[in-house]
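Work through the exercises below with the model open. Try each task before reading its solution.

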Amino acid sequence: MIASSVFRSVMVVALAAFVSSEATGQQRTAAPKNVILMIADGTGASAIAATGMYAGKLGKQVFDGPEWTKTWSSTYPLRTGENPASGPAGLAQDPNAVYDPAKNWDTTPVTTTTGQFADRFAGYAWTKKTAPDSANTMSAIVNGHKSYNNAINVDGNGQPVTTFAEVESRAGKAVGVVTTVEFADATPAAGAGTHNVSRAAHQAIASEMLNAGIVSVIMGTGNPNYDNDGVRRAAPDYGWIGESDWTALKAGTHKSGFKLIEDKAAFDALPSAANPPRKLIGIARSFNATQMYRRGAAPASETPYSVPRKSDVPDLPTMARGALNILDDDPDGLFLVIEGGAVDRAEHADNLGRMIEEKTEFDSAVAAVSAYLDANTNGNNWSNTLVIVTADHDHLLLGPDSDTVPFQDLTDKGAGKVPGYKWQSNSHSNRLVPLYARGAGAALVTGCARKNDAYTDGQGRHFGRGAYLDETDIFAVMNGTGCR
Ligand SMILES: [Zn+2]
């Protein structure tokens, strides 16, 4: 065992140097041993503020501490079209989609609409019309290239791009992805290093996650046998995994070697399991998300937790700690993607109550990861582990008077109270999102944040977030090269 592990380490070092220069063209001088990438899908500044206000911890959440480096990230797509295009035109950046403070914060009144929502100000209209989706944004984060909406780790031509999951896997590290939504949805699919010209190819993506040999831990929903309330279906729904993959997993005979768990109790046992499976896929007994789509009240008036949460599905902190307990058996290190996927779903439903629930669960996962590193669990701590907490993109959630007061912030009504708010859309925006980093190489974030978000309108009103990077820079930070 020792001899083979030494041999493996030597091989891994040689391979890591090769892979890094191939993938980035730069030496990974400061590459951290472990990278934990935490994505609260769709979570911009207002979602963070709403959750902080409700919790009575605005500005005092775990990622607000002085140990964390904070900046902002742009999330714009290569273009808003949803198909690859050939030739140089397919790789060209649409100049109007590029984040521009003057366009984003434009307070000129307008009378246009986007979908069912009045645009009200030119900035609202621009940020909605140029918004990215979760496929191209997560891909940009994990492969460093912009692409079209719908792209999973392919460029504007539809050609595969090397991902961080592949870089780390080839370097001998253990890779995993856990989420509160379907395991083959865009964000976990991109995080796991799959490639597809369309995020909608769920069965192919699921098969690639299982069979490509990149990831050894997968957790989420998409269970063919259960509906969104966890009720067993009369007939399976293979919307998120093909019948042959599912049948083999259920029989314990999948050629990938993945072991399937479904029971909440099995998820709950993982964080402290002495000998967990080396390759595990956990598919909770729910279809589209763990909690978000349970039956409930009218979205517009539902307050957090007023509809009891399901008790038969795992929560994100448990999935995160369970994944770490498996991945950290690899002495070479780990790369874990943790997604709070249903924050975005609640925002699409314009349901602030459930958005706060989902973001609160995500924040608990950040706390669980922090506690794991604080305790130097299995030798993993802040000196050998980089943690990034960010979003893939934002929505347009603003203050209660934002129809007339441009870009008004939410209004704090105290702990346990839903803040004053107004949805200005039921879909994504192109606004900057907050980014927090801590641990090995976190300071590289600062060097990447070279642009400045500032705008003063004709009435002398100042807007802007300050320094920001682009989400493609996160790839360089995780690689340990930073931006040069
Ligand atoms: Zn979305």
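How many of the seven residues of β13 are buried? Six are, so β13 is largely enclosed by the rest of the structure. Buried means under 20% relative accessible area, exposed means over 50%, and partly exposed lies in between (1.4 Å probe, protein chains only). Strands (E, at least two residues) and helices (H or I, at least four) are DSSP runs, numbered from the N terminus.

Ground rules come next. This is a predicted model, in which local features need pLDDT of at least 70 and side-chain atom pairs count only at pLDDT 80 or more, while totals for chains, interfaces and linings use all residues. Residues are numbered from 1 along each chain as its sequence is written, and side-chain values use heavy atoms, with hydrogens and water left out.

**Exercise 1. Place β13 in its sheet.**

Step 1: write down the strand order. Eleven strands form an open, mixed sheet, ordered β7-β8-β6-β5-β9-β1-β10-β13-β2-β15-β14. Two strands pair if DSSP finds at least two bridges between them.

Step 2: find the edges. β7 (259-261) and β14 (451-456) each pair on one side only. Neighbouring strands are turned by 20° against each other on average, direction ignored. Here the axes are lines fitted to C-alpha atoms, for helices over the stretch in contact, and angles run from 0 to 180 degrees between N-to-C directions.

Step 3: check both partners of β13. Strand β10 (residues 385-390) pairs antiparallel with β13 (residues 433-439) over five bridges. Strand β2 (residues 69-74) also runs antiparallel to β13, joined by five bridges.

Step 4: pick out single bridges. Val 389 is matched with Tyr 436 of β13. Thr 71 is matched with Leu 435 of β13. Tyr 436 is buried, at a relative accessible area of 4%.

**Exercise 2. Describe the zinc site.**

Step 1: list the protein donors. They are Asp 344, entered twice through OD, His 348 (NE2) and His 428 (NE2), at 2.0 to 2.4 Å from the zinc ion. Donors are N, O and S atoms within 2.8 Å of the metal (3.2 Å for Na, K and Ca); water is not among the atoms, so sites may look incomplete.

Step 2: read the spacing. Along the chain, the donors follow D-x3-H-x79-H. Asp 344 and His 348 are four residues apart in helix α13 (residues 342-348), so about one helical turn separates them.

Step 3: compare exposure. Asp 344 is buried at 5% relative accessibility. His 348 is partly exposed at 30%.

Step 4: classify the geometry. The angles among the four donor atoms run from 57 to 148°, and the site is irregular. Four donors count as tetrahedral if all angles lie between 85 and 135 degrees; four count as square planar and six as octahedral if opposite donors are over 155 degrees apart and all others between 65 and 115; anything else is irregular.

**Exercise 3. Test the length of α14.**

Step 1: compute the expected span, 1.5 Å times one less than the number of residues. For the 23 residues of α14 (residues 352-374) this gives 33 Å.

Step 2: compare. The end C-alpha atoms lie 32 Å apart, which agrees.

Step 3: inspect the surroundings. α14 is mostly covered, with 18 of its 23 residues buried. After α14 comes Asn 376, with a positive phi near 55°.
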